[in-house]
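The following report looks at the overall build of one protein chain and then turns to the pairing of some of its strands.

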Amino acid sequence: MIKIIMHGCNGHMGQMISGLVKEDPEAEIVAGIDICDNRQNDYPVFTDIRACHVEADAVIDFASPKAEEALLDYCVERKLPVVVCTTGLSEEQIQKVKDTSEKVAVLRSANMSLGVNTLLKLLKEAAKVFAPAGFDMEIVEKHHKYKVDAPSGTALAMADSLNEALDNAYVYKYDRSQERKARGAKEIGISAVRGGNIVGEHDVIFAGTDEVVTFSHTAYSKAVFGKGAIQAAKFLAGKAPGLYDMSDVING
């Protein structure tokens, strides 16, 4: 039984993960951290992280970037592995995540979905086959109208997977409206769509002469990210200090 502290327990993802863990015989949330103590939970909730002394095996972090430094300091002090799912971290905070990983196990990924991370692995193999054969590579991502960053971190992770497989020889093209010229051979195009309540759709297109191959991933709810975070916490418990990602979870 993996004992988890849920950082950001009263937010949307914190509550979703709490519900998922209730149905998981291998995991238990033993405490929550949140500045708002306005919900009924099956575990004690602390508005001040320093007041939480509950024994645990790992922390899942789905909170505000404003709380990241205090969380990382807390995990170092208590020698707790942490799954960092909070997005929008500054460069300084990302560096602190890396520094923290030298003292405790830290897992951070652009997307917590097991499906997306398996796809990232497959894309590397596909790129090695299609790119040398002259196929062009394009990524189209779609999200809800409230998502403020574009392209998505997942789209960039997909582009990075393609590029890493090809010795980082490609450049990313985000906008073609200002140019009137043919597509470059060493480009990976990335396009963003925003509208409605789309949870997340990503298409990676390999366009060749007379044939097109498309890899697609669709998230129908944010539960896929919560399930991935729980699997990551199970993986991380007991691990040595280091910076891990979801590929480590998939590869076992």
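Seven helices are not the whole of the secondary structure here, for the protein chain has 7 helices and 12 strands in what is a predicted model. Because a compact globule of 252 residues would have a radius of gyration near 18 Å, the 20 Å found for the protein chain agrees with that expectation. The C-alpha trace spans about 60 × 40 × 35 Å along its principal axes.

Buried residues account for 46% of the 252 residues in the protein chain, and the surface that the chain exposes comes to about 13,000 Å², of which carbon and sulfur atoms supply 50%. Among the contacts with a separation of 6 or more, 67% are made by residues 24 or more positions apart. As for charge, the protein chain carries 28 positive and 36 negative charges, and the mean positions of these two sets lie 2 Å apart.

Strand S9 takes part in two pairings, which are set out below.

| Strand | Partner | Sense | Bridges |
|---|---|---|---|
| S7 (residues 136–143) | S9 (residues 187–194) | parallel | 7 bridges |
| S8 (residues 171–173) | S9 | parallel | 3 bridges |

Individual residues place these pairings along the chain. Histidine 143 has arginine 194 of S9 opposite it, while valine 171 has glutamate 187, also in S9, as its bridge partner. Strand S9, which covers residues 187–194, thus pairs in the parallel sense with S7 over 7 bridges and with S8 over 3 bridges.

Definitions and conventions: Residues numbered from 1 in each chain as written. Predicted model: local features only at pLDDT ≥ 70, side-chain atom pairs only at ≥ 80, totals over all residues. Heavy atoms only, no water. Helix = DSSP H or I, 4+ residues; strand = E, 2+ residues; numbered from the N terminus. Rg over C-alpha atoms; globule rule 2.2 N^0.38 Å. Buried < 20%, exposed > 50% of the residue type's maximum accessible area, 1.4 Å probe, protein only. Contact = heavy atoms within 4.5 Å. Areas by Shrake-Rupley, 256 points an atom, 1.4 Å probe, with all protein chains shown as cover. Lys, Arg positive; Asp, Glu negative; His and termini not counted. Charge placed at Lys NZ, Arg CZ, Asp CG, Glu CD. Pairing = 2+ DSSP bridges.
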